[in-house]
Amino acid sequence: PEQARTVIDTCTDTRMRARLMVALLCGLRQGEALGLEWADVHETDARPTIRVRQSMTVVRGKGRKVGPAKSRRSDREVPLFPAVVDALKLWRKESGGGGYVFPADPRPGKPVDPTALRDPSRDAKDWSAALAAAGVDHIPLHGARGTLATILMEQGVPDRVIADILGHDVLVDQRHYQHSDDAQRRAAIASAGRELEG
């Protein structure tokens, strides 16, 4: 959590800050974030949410394709934390709020190729720059999903709720996205030890 907070606090670019917030506090897959349209962002509602209904992929030989969400569970609404709402409002105002939320092309409505996050593209450079400025080791942007899952787990959020936020099955969430740290493992062993000591 401290590293994620530092990355967000260090980032001053409006677009990338919104992108970081959506990655770290909404847990969207890269394709979901890149296929996200402003019509699906409801930051001014009484209960602000992002509606994940589609995802962008690259089809070999055919280029970018926006299609339905990855699975039935992937089609979901994700609640927005106030800081995410603020970041998205600023980005909507600066970008004009039309078409795709995170286009690579400065022209409104042009999507970004998800693989561009691993190439020397704007998002890859911005993501790497944000991590470097924060003094955080480089991880793929997709790793932000694991960060969110682990933070939610540390806060005692039930596995079912975490899986619903991330849009997948509980077992997938536990196997791939939730990770314990040394302090949690030590606390668990200490708790068991106290129980056995009576």
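## A tour of charged side chains

Start by selecting arginine 92: at 24% relative accessibility, this residue counts as partly exposed, because the partly exposed class lies between the 20% and 50% limits. Keep in mind as you explore that this is a predicted model.

**Stop 1: the partner of arginine 92.** Now add glutamate 43 to your selection. The two side chains meet in a salt bridge, with N and O 2.6 Å apart. Where do glutamate 43 and arginine 92 lie? Glutamate 43 is in the loop between strand S1 (41–42) and strand S2 (49–52), while arginine 92 belongs to helix H4 (residues 82–95), so this pair ties together parts that are 49 residues apart in sequence. Is glutamate 43 buried or exposed? Glutamate 43 has a relative accessible area of 5% and is therefore buried, since buried means under 20%.

**Stop 2: a network of three.** Next, select Arg29, Glu32 and Arg76, which are joined into one network by salt bridges that share partners. Begin with arginine 29 and glutamate 32: their salt bridge brings the closest N and O atoms to 2.6 Å apart. Both arginine 29 and glutamate 32 are buried.

Now turn to the other link, where the side chains of glutamate 32 and arginine 76 form a salt bridge at 2.9 Å, N to O. Colour the two elements involved, if you like: glutamate 32 sits in helix H3 (residues 30–34) and arginine 76 in strand S5 (residues 76–79), so the pair ties together parts 44 residues apart in sequence. Arginine 76 is buried, just as glutamate 32 is.

How many salt bridges does the count come to? The count is six, and the ones on this tour are among them.

**Stop 3: another residue of helix H3.** Stay with helix H3 and select glutamine 30, which is found there. Its relative accessible area is 13%, so glutamine 30 is buried. Then add arginine 145 and look at the C-alpha atoms of the two residues. Glutamine 30 and arginine 145 are 115 residues apart in sequence, yet their C-alpha atoms are 9.6 Å apart in space.

**Stop 4: a charge and a ring.** For the last view, select arginine 19 together with phenylalanine 102. What sits over the ring of phenylalanine 102? You will find the charged end of arginine 19 there, 5.6 Å from the centre of the ring. If you would like to hunt for aromatic pairs as well, the count for those is zero.

Key: Residues are numbered from 1 along each chain as its sequence is written. This is a predicted model: local features need pLDDT of at least 70, side-chain atom pairs count only at pLDDT 80 or more; totals for chains, interfaces and linings use all residues. Side-chain values use heavy atoms; hydrogens and water are left out. A salt bridge is a side-chain nitrogen of Lys or Arg within 4 Å of a carboxyl oxygen of Asp or Glu. Buried means under 20% relative accessible area, exposed over 50%, partly exposed in between (1.4 Å probe, protein chains only). Helices (H or I, at least four residues) and strands (E, at least two) are DSSP runs, numbered from the N terminus. Rings of Phe, Tyr and Trp (its six-membered ring) pair if their centres lie within 6.5 Å; planes under 30 degrees apart count as stacked, over 60 as edge-to-face and the rest as tilted. A charge sits over a ring if NZ of Lys or CZ of Arg is within 6 Å of the ring centre and within 35 degrees of the ring normal.
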